[in-house]
Amino acid sequence: MSTRAARPAPRPPEGTPPPAELARQARAVLAGAARLARWADRTGSLRAGPRGALPEDAVAGAAGALGLTPHQVRADWDRARLAGLIELHDGLARPGWRLRAWDRDDTAVLRGWVALFDAWSLALPAPADAGPTLVAEVVEAVPQLLSLLHLSAGPVRLPVLLDMLEQRVAELRTERCEVPYGPDPDPDGAAADGPACDAAGAPLAGLLAWALDALRAVGALMPAPEHGTGPADEAQLTPLGNWSVWVKLEQICVAAQSPAGHIEQSAEAMLRGCARLTPGPARAEYRAWLAARSVGAAVEELLAAARGEDALLRGLAFEALRAVGAPAEPAVRAAAAEQVLRPYALLWLFEHEGGDPETAADVLTREESTWLWVDTAAAVADHGETQLLVRHLDSAVQGSVPRLLAEVRAVGHPRTVQVLVALAAAHPDPALAKAVRRAAFQVHTGGA
């Protein structure tokens with residue numbers, strides 16, 4: 001059990017609108033994206049270009065049909081994809097389930113807006129002169145700025161935000177034990193690669209302005225004042241932004257006082273802890289762990305855990321990625337190119353696209369199904385009971401033990417020998433156990 005003191009979950013902000021009003025505001029923010037998504041659906045065969053961009057002929061077609069500028073079309077296309085209103089399947093644009101539910105399901109609308117909010121750093125390109133490391137540090141620091149804005153319950157001056165940003169970036173570098181290095185560090189201790197490594201001053205001020213503009217673009221911050229209508233050096237959350245930050249803080253506090261309490265652990269440690277939980281509590285832990293991290297960082301950490309030697313963590317990592325949903329799709333689709341992750345990624349994508357769970361296995365080739373069978377058997381052998389390993393035989397697609405053994409020998413899984421040895425030791429049928437041991441020996445020695 002966690003030894004940390006229980007902390008009360010934060011209360012909803014004073015004056016938080018009811019869910020129906022929040023959904024109305026979310027629909028307003030995403031009105032252009034939903035309109036473009038419906039237009040794309042009507043075309044029936046719209047294919048995206050490289051990296052999911054809308055081709056120029058489609059941009060021109062949408063601009064003419066909807067009375068928009070090309071810039072507005074591109075912005076709405078990006079929003080529609082980030083909010084899950086449009087999904088790309090092998091490059092072909094299809095309406096996401098949220099678009100189907102847009103007019104009748106307030107929860108779907110709010111989840112779509114939260115997906116856009118979580119992807120705020122993609123809403124506007126970062127300054128061209130900012131180094132990628134510093135940009136990543138600012139993205140990681142922004143949740144702390146959002147918490148300050150939420151707790152302040154009103155406008156916060158930009159110098160205060162900049163001071164907090166500088167402190168948080170410095171903390172992140174200390175946590176990573178970064179020290180200046182290079183042949184000629186400057187007198188102030190900055191690294192030798194120039195302004196992108198400066199943790200204060202102009203570079204961070206410019207990145208703070210970028211972050212605030214991106215958060216305004218997704219509807220999380222009040223619009224910047226124009227023509228002297230208000231202070232230009234302040235930032236304030238919108239009701240939607242305030243509500244979303246509150247939800248994330250609540251999830252973090254609940255996780256921190258729960259018996260499981262894996263929120264501060266690595267993905268691998270969190271998954272190992274969740275292996276002991278039933279599906280419901282495990283999903284709650286996944287969601288709380290994800291809420292404390294940026295989506296991109298969480299997805300990459302889960303995939304890194306999935307690439308390890310423990311097959312159990314592989315399956316659990318993709319269960320956790322199901323809690324991420326649409327924002328994980330690009331990374332999961334890329335992971336399908338890796339042999340060790342391919343079966344899991346293909347099944348994840350099939351479910352994400354609304355496929356029937358009863359036919360999910362059909363998306364795998366015979367070889368992929370066999371690889372997955374061995375990988376799952378390895379997880380059972382390492383962490384399960386021997387009876388489960390014997391029962392696992394029934395899940396093989398081959399239909400008979402001789403065919404299974406022949407294909408298992410050919411598939412090349414690195415754990416094949418260990419799995420077959422464990423299965424032979426566990427199976428009560430001496431003749432079958434002997435055949436399995438023979439197969440293990442043949443794999444080990446490279447024989448036929």
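In this predicted model, the side chain of arginine 314 comes to 2.6 Å from the backbone oxygen of glycine 308. Arginine 314 sits in helix α14, which covers residues 311-324. Its relative accessible area is just 3%, so arginine 314 counts as buried, the cut-off being under 20%. Setting aside residues up to four places away in sequence, arginine 314 touches Ala306, Arg307, Gly308 and Glu309, and also Val340, Leu341, Tyr344 and Asp375. Glycine 308 thus turns up twice, as a residue touched by arginine 314 and as the owner of the backbone oxygen that its side chain reaches.

Helix α14 also holds alanine 320. With a relative accessible area of 1%, alanine 320 is buried too. Beyond its neighbours within four places in sequence, alanine 320 is in contact with Leu271, Tyr286, Leu290 and Leu302. As for alanine 284, this residue lies 36 residues from alanine 320 along the chain, yet the two C-alpha atoms are 9.8 Å apart.

That leads on to helix α12, which runs over residues 279-291. Its 13 residues should span 18 Å at 1.5 Å a residue, and the end C-alpha atoms are indeed 18 Å apart, so the two values agree. Buried in α12 are Ala282, Glu285, Tyr286, Ala288, Trp289, Leu290 and Ala291. Tyr286 and Leu290 from this set are also contacts of alanine 320.

Helix α7 takes up residues 132-152, 21 in total. From first C-alpha to last, α7 reaches 30 Å, close to the 30 Å expected at 1.5 Å a residue. Even so, α7 bends by about 35 degrees at alanine 141, with proline 143 following within four residues. The buried residues of α7 include Leu134, Val135, Glu137, Val138, Val139, Ala141 and Val142. Further along, Leu145, Leu146, Ser147, Leu149 and His150 are buried as well. Just after the helix comes alanine 153, with a positive phi near 55 degrees.

Alanine 141, where α7 bends, is also one of the contacts of arginine 168. Arginine 168 has its place in helix α8, residues 158-175. At 17% relative accessibility, arginine 168 falls under the 20% cut-off and therefore counts as buried. Neighbours within four places aside, its contacts are Ala141, Gln144 and Glu175.

Stepping back to the whole chain, there are 21 helices and 4 strands. Of the 448 residues, 42% are buried. When contacts between residues at least 6 apart in sequence are considered, 66% of them join residues at least 24 apart. The accessible surface of the chain adds up to about 22,600 Å², and carbon and sulfur atoms account for 56% of that.

Confidence is worth a look as well. The chain has a mean pLDDT of 82, with 86% of its residues at 70 or more. Residues 1-10 have pLDDT below 50, and in the model this stretch makes 21 contacts beyond near neighbours in sequence. Residues 179-198 are also below 50, with 15 such contacts. Predicted coordinates should not be read in detail where pLDDT is low.

Technical notes. Residues are numbered from 1 along each chain as its sequence is written. This is a predicted model: local features need pLDDT of at least 70, side-chain atom pairs count only at pLDDT 80 or more; totals for chains, interfaces and linings use all residues. Side-chain values use heavy atoms; hydrogens and water are left out. Helices (H or I, at least four residues) and strands (E, at least two) are DSSP runs, numbered from the N terminus. Buried means under 20% relative accessible area, exposed over 50%, partly exposed in between (1.4 Å probe, protein chains only). Contact means heavy atoms within 4.5 Å. Accessible areas come from the Shrake-Rupley method with a 1.4 Å probe; for residues, only the protein chains shown count as cover. The expected span of a helix is 1.5 Å times one less than its number of residues. The bend at a residue is the angle between axes fitted to the seven residues ending there and the seven starting there. pLDDT is the predictor's confidence in each residue, from 0 to 100. A polar contact is a pair of N or O atoms within 3.5 Å; within protein, one must be able to donate a hydrogen and the other to accept it, and residues adjacent in sequence count only if both atoms are side-chain atoms.
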